[in-house]
Amino acid sequence: MMTEAVLPASSGGGWSRLYQGKTIPVLTVLLFLCAIWYAGAVYLNSSVLISGYERNNVEWDAGRLVSDAWAMERPILPAPHQIAEEINKTVFQKKITSKRSLVYHAWVTTSATLLGFAFGALLGIMLAVGIVHVQTLDRSLMPWVIASQTIPILAIAPMIIVVLGNMGLTGTIPKSIISMYLCFFPITIGMVKGLRSPDVLQLDLMRTYSASTAQVFWKLRVPASVPFLFASLKVAIAISLVGAIVGELPTGAVAGIGARLLAGSYYGQTIQIWSALIVASVLGMLLVFLVSVIERLVMKKMGYGT
């Protein structure tokens with residue numbers, strides 16, 4: 001009886017667990033995207049190659065077109081293996097202190113991202129507390145918080161850079177201010193929602209216990225807002241990274257992922273541009289994962305999900 005019960009569960013082994021989990025679906029989607037990417041590289045690069053063949057009277061066929069499309073020095077759309085080779089060269093084969101290392105540039109952007117994220121989190125939480133507890137702020141400040149996000153960041157970033165530069169603030173600070181400007185909004189909205197999440201019965205119970213406003217805030221509103229806060233922090237840290245990269249573009253920065261994007265666009269190095277974008281996306285995933293790890297630790301400490 002025991003053997004019959006165990007056999008069906010163990011049949012399939014690791015393959016069954018992979019199929020039922022996320023590994024197989026993720027790999028399937030990844031392979032599908034790679035196939036489309038390779039086909040797109042041939043399609044977009046073919047016009048340049050064919051015109052070159054005709055101009056130089058070179059005989060060509062489909063096989064040569066495909067191989068040349070995947071090996072162009074400055075392709076319109078680089079093939080995935082070209083990007084992988086560039087990442088390997090600039091991440092693993094360069095010293096991290098080298099200005100040609102993507103690790104060096106990623107750290108420059110990450111420092112501005114984390115500083116802006118810290119500023120944005122502090123500002124967002126303070127605004128949320130004020131909005132929840134002061135009715136005047138709720139009516140007057142909240143519309144301005146929402147309106148602030150309607151201004152395109154590409155339009156306001158150069159103004160922030162110029163103003164802060166005239167004040168003697170250069171380097172990481174202007175980029176972190178732009179990151180803060182982008183990331184404080186989701187934190188404010190999420191924190192307001194979380195602080196208002198306790199229902200009427202819970203608030204009445206606290207009043208029955210003659211709890212003060214401070215006690216209601218720390219013992220009821222803050223614990224209830226934690227899940228909302230971390231959901232907002234995950235969004236905010238990704239937006240903060242975008243803000244740091246955008247902040248590097250109008251300054252003509254010589255370091256940072258934005259600087260790599262600028263240099264690649266100046267010299268038509270599309271492979272460099274794509275490798276910087278891939279590194280930025282991986283960096284964003286790592287930052288969101290870090291916030292998720294902190295969230296699990298905090299939620300476990302508070303007794304959620306136990």
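**Helix packing and cores in a predicted model**

User: How many residues of helix α12 are buried in this predicted model?

Analyst: Helix α12 covers residues 257–266 and is mostly covered. The buried residues include I257, G258 and A259, along with R260, L261, L262 and G264. Out of 10 residues, the buried count is 7.

User: And which helices do the buried residues of α12 pack against?

Analyst: Just after α12, by the way, G268 takes a positive phi of about 65°. As for the packing, the buried residues of α12 sit against α5 (80–92), α6 (102–133), α11 (213–248) and α13 (270–302).

User: Which helix gives the largest share of the largest nonpolar core?

Analyst: That core has 35 residues, and I187, V192, L195, L233, I245, I257 and L283 touch the most other members. At least two residues each come from α5, α6, α9 (172–195), α11, α12 and α13. With 10 residues, the largest share comes from α11.

User: What does L233 touch, leaving out residues up to four places away in sequence?

Analyst: L233 is among the core residues that touch the most other members. With those sequence neighbours left out, its contacts are F117, A121, I187 and V291.

User: Are α3 and α4 roughly parallel or roughly perpendicular?

Analyst: Helix α3 (residues 23–55) and helix α4 (residues 62–69) have axes 9 Å apart. They pack at an angle of about 110°. An angle of 65 to 115 degrees counts as roughly perpendicular, so α3 and α4 are roughly perpendicular.

User: What is the handedness of the crossing where α3 passes α4?

Analyst: On the α3 side, the contact residues include A41, V42 and Y53, and α4 brings R64 and L65 among others. By class, this contact has 8 nonpolar, 2 polar and 2 charged residues. The crossing is right-handed.

Definitions and conventions. Residues are numbered from 1 along each chain as its sequence is written. This is a predicted model: local features need pLDDT of at least 70, side-chain atom pairs count only at pLDDT 80 or more; totals for chains, interfaces and linings use all residues. Side-chain values use heavy atoms; hydrogens and water are left out. Axes are lines fitted to C-alpha atoms, for helices over the stretch in contact, and angles run from 0 to 180 degrees between N-to-C directions. Helices (H or I, at least four residues) and strands (E, at least two) are DSSP runs, numbered from the N terminus. Angles under 35 degrees count as roughly parallel, over 145 as roughly antiparallel, 65 to 115 as roughly perpendicular and the rest as oblique. A crossing is left-handed if the near helix is turned anticlockwise from the far one by less than a right angle, and right-handed if clockwise. Contact means heavy atoms within 4.5 Å. Ala, Val, Leu, Ile, Met, Phe, Trp, Tyr, Cys and Pro count as nonpolar, Asp, Glu, Lys and Arg as charged, and the others, Gly among them, as polar. Buried means under 20% relative accessible area, exposed over 50%, partly exposed in between (1.4 Å probe, protein chains only). A nonpolar core is a set of buried Ala, Val, Leu, Ile, Met, Phe, Trp, Tyr and Cys residues joined through side-chain atoms within 4.5 Å.
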